[in-house]
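The exercises below are to be worked with the sequence and the model at hand. Each task is followed by a solution in steps.

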Amino acid sequence: MNAFYRCAALLGIALVTAQAQAVDFSFTPALGTLTQGNGNSYTDTVSGLTITASAWSNANRAGKFQTATLNVANSGLGVCTGLNCTTGVLDNSNGGSDMILFSFSSAVNLQSLGLEQFDSDSDLSVWAGTGSTFSPNNKKPTKLGTASLIDNSNSVAGFRNVSLAAFTGSYDWIAVGARIGQINDFATLKSLTINPVAQPVPEATTWMTMLAGLGLVGFAVSRRTRT
């Protein structure tokens with residue numbers, strides 16, 4: 001393969017790799033790494049993107065979030081208040097709200113969230129934002145920004161796939177909590193699908209300039225070969 005074709009091949013590869021592909025994170029004990037104790041975290045890396053999950057809870061709907069214990073089971077990620085809990089769900093049964101914060105190693109577009117609903121309801125309050133150092137510690141729900149409320153109207157327990165299409169920007173974190181202000185929501189988080197933010201693809205005029213340059217390279221190579 002001469003220099004011209006090598007350059008053309010590299011250009012094609014650059015165009016293909018510039019397009020972001022969806023990344024699916026599945027939260028089970030067999031995947032990722034869970035540290036132990038209060039204020040612990042769960043980490044996993046897929047396709048070069050690292051996700052970190054941490055648990056938070058507040059005592060009442062107007063209370064400040066404090067660190068909690070994150071639990072991972074076959075049913076997904078949950079929250080509990082004990083240091084050595086073996087089970088846990090995302091719930092608001094005591095008037096407060098459990099929340100799981102997901103942080104990403106680079107900016108992403110949010111696609112969907114998979115959850116396992118228990119009992120008859122699994123409504124969510126969801127926040128998302130930018131900033132790699134964000135923490136909800138000692139913050140009231142109102143200080144996290146405006147929450148998107150997700151109503152899961154199906155009262156039958158089971159798996160739910162929740163669209164995050166309402167979040168149209170790029171984000172460094174997403175926080176998912178049992179719905180603020182209610183007391184009957186129970187779920188675990190099983191999966192999260194995101195798209196890494198793609199590097200900007202050059203405009204058509206830029207591609208034309210690059211191709212013209214490749215053409216000149218090919219012409220020079222062919223002349224050198226003939227001489």
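**Exercise 1: A serine and its surroundings**

The side chain of S125 reaches the backbone nitrogen of I180 at 3.0 Å. The model in which this distance was computed is a predicted one.

Task. Determine where S125 lies, whether S125 is buried or exposed, and which residues S125 contacts beyond its neighbours within four places in sequence.

Solution.
1. S125 belongs to strand β10, which covers residues 124–129.
2. The relative accessible area of S125 is 1%. Buried means under 20%, so S125 is buried.
3. Beyond four places in sequence, S125 touches A147, S148 and L149, and also A175, V176, G177, A178, R179 and I180.
4. I180 thus appears in the list of contacts and also supplies the backbone nitrogen reached by the S125 side chain.

**Exercise 2: The salt bridge**

Task. State how many salt bridges the structure holds, and identify which parts are tied together by the pair R179 and D151.

Solution.
1. The structure has one salt bridge.
2. Its partners are R179 and D151, whose closest N and O atoms are 2.3 Å apart.
3. R179 is in the loop between β13 (171–178) and β14 (186–196), while D151 is in the loop between β11 (148–150) and β12; the pair therefore ties together parts that are 28 residues apart in sequence.
4. R179 is buried, at a relative accessible area of 16%, whereas D151 is exposed, at 52%.

**Exercise 3: A buried arginine without a salt bridge**

Task. Locate R160, find how far away its nearest side chain of opposite charge is, and name the side chain with which R160 makes a polar contact.

Solution.
1. R160 is placed in strand β12, residues 158–163.
2. Side chains of opposite charge can pair when their charged atoms come close.
3. For R160, the nearest side chain of opposite charge is that of E116, 7.3 Å away. A salt bridge requires a separation within 4 Å; R160 is buried and has no salt bridge.
4. The side chain of R160 does make a polar contact of 3.4 Å with the side chain of Q117.
5. Q117 is also one of the residues in contact with R160 beyond four places in sequence; the others are L113, G114, L115 and N154.

**Exercise 4: Positive phi values**

Task. For S47 and N138, give the value that phi is near, the loop that holds each residue, and the exposure class.

Solution.
1. S47 has a phi near 50 degrees, a positive value in a residue other than glycine. S47 sits in the loop between β3 (41–46) and β4 (49–58) and is exposed, with a relative accessible area of 69%.
2. N138, likewise a residue other than glycine, has a positive phi near 65 degrees. N138 is found in the loop between β10 and β11 and counts as partly exposed, at 43% relative accessibility.

**Exercise 5: The whole chain and its confidence**

Task. Summarise the protein as a whole, and state where pLDDT is below 50.

Solution.
1. The protein has two helices and 14 strands, and 40% of its 227 residues are buried.
2. Of the contacts between residues at least 6 apart in sequence, 76% join residues at least 24 apart.
3. The mean pLDDT is 83, and 76% of the residues reach 70 or more.
4. Residues 7–11 have pLDDT below 50, and this stretch has six contacts in the model beyond near neighbours in sequence. Residues 13–18 stay under 50 as well, with five contacts beyond four places in sequence.
5. Where pLDDT is low, the predicted coordinates should not be read in detail.

Definitions and conventions:
Residues are numbered from 1 along each chain as its sequence is written. This is a predicted model: local features need pLDDT of at least 70, side-chain atom pairs count only at pLDDT 80 or more; totals for chains, interfaces and linings use all residues. Side-chain values use heavy atoms; hydrogens and water are left out. Helices (H or I, at least four residues) and strands (E, at least two) are DSSP runs, numbered from the N terminus. Buried means under 20% relative accessible area, exposed over 50%, partly exposed in between (1.4 Å probe, protein chains only). Lys and Arg count as positive and Asp and Glu as negative; His and the chain ends are not counted. A polar contact is a pair of N or O atoms within 3.5 Å; within protein, one must be able to donate a hydrogen and the other to accept it, and residues adjacent in sequence count only if both atoms are side-chain atoms. Contact means heavy atoms within 4.5 Å. pLDDT is the predictor's confidence in each residue, from 0 to 100.
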